[in-house]
Amino acid sequence: MVLNRRNFLLLSGASISTIALGTFAKTSLAQVLDDGSDGPFELPPLPYDYNALEPYIDEETMRFHHDKHHAGYTKNLNKAVSAYPELASKSAEDILRDFANVPEDIATTVRNNGGGYVNHKMFWEIMSPDGGGEPTGEIASAINDAFGSFEAFKEEFNTSGSQQFGSGWAWLVLDGNNQLQVMGTANQDSPLMNGMSPIMGNDVWEHAYYLKYRNARGEYLNQWWNVINWDEVNNRYQQAISEAGTQSVIAST
Ligand code: MN
């Protein structure tokens with residue numbers, strides 16, 4: 001990593017807090033050293049401790065998943081857009097929404113790493129140590145309307161996750177007709193690339209569960225509902241509905 005001014009300041013800060021905070025700050029220091037944020041896209045910190053989702057998702061998985069995998073996608077996305085200032089000034093979400101206009105020489109890199117960057121940003125936010133239980137807010141009635149019941153939705157979502165061959169994601173999306181649907185994507189493909197708004201998604205790459213659940217992906221899918229942050233899922237649903245409303249107003253004028 002190039003020791004630029006920003007990183008130097010962060011390092012100085014981290015060294016001081018290392019004395020005050022011990023092991024926690026050492027973790028922060030390690031992240032500062034290789035978090036891939038040397039460009040327009042920054043690795044967002046986890047909104048809770050690495051061990052906060054125990055016993056459902058273990059600390060070691062969270063450390064590798066955030067500090068290595070998500071950091072890697074961030075780094076590769078930054079590298080890919082470095083020659084394209086018009087992309088570097090957009091949000092990663094908007095780049096994926098307009099994927100057809102991504103230059104061909106970086107398209108595969110952006111698809112994989114831009115997808116990985118955006119998907120994981122959502123993933124940390126829709127989980128919480130205070131999560132679980134039944135959906136709340138508008139998303140609760142929307143799920144009932146679309147799938148009949150929360151149980152029926154859960155089953156369809158888990159089936160999508162367990163049937164995804166190899167690496168990918170299971171999603172609840174708002175489609176182009178403002179309907180909720182469950183879908184799967186391979187690798188790091190984002191529903192944004194297909195004009196859909198991802199409301200919630202579960203990572204079924206082996207790196208998301210293998211240290212704890214080994215080959216039992218179905219068990220991971222079942223346990224994951226214990227950490228789902230319905231407040232945030234509901235926020236994302238309301239946001240997607242209001243953006244869709246804005247789009248249709250623009251389209252009709
Ligand atoms: Mn992942």
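**Exercise 1.** Find what covers the buried residues of helix H10, and state where these residues lie around the axis.

*Solution.* The model is predicted: local features need pLDDT of at least 70 and side-chain atom pairs pLDDT 80 or more, while totals for chains, interfaces and linings use all residues. Residues are numbered from 1 along each chain as its sequence is written, and side-chain values use heavy atoms, without hydrogens and water.

Step 1. Helices (H or I, at least four residues) and strands (E, at least two) are DSSP runs, numbered from the N terminus. H10 spans residues 217-224, and its buried residues are Arg 217, Tyr 220, Leu 221 and Trp 224. Buried means under 20% relative accessible area, exposed over 50%, partly exposed in between (1.4 Å probe, protein chains only).

Step 2. These four residues cover an arc of only 100 degrees, so they are on the same side of H10. The arc is taken from the directions from the helix axis to the C-beta atoms.

Step 3. The cover includes helix H6 (104-125), helix H8 (150-163), strand E3 (197-203) and helix H9 (210-213). Contact means heavy atoms within 4.5 Å.

**Exercise 2.** Describe the largest nonpolar core.

*Solution.* Step 1. A nonpolar core is a set of buried Ala, Val, Leu, Ile, Met, Phe, Trp, Tyr and Cys residues joined through side-chain atoms within 4.5 Å.

Step 2. The largest one has 44 residues; among those with the most contacts inside it are Leu 180 and Trp 224.

Step 3. Its largest share, six residues, comes from E1.

**Exercise 3.** Is Phe 165 buried or exposed?

*Solution.* Phe 165, in the loop between H8 and E1, is exposed, because its relative accessible area is 81%.
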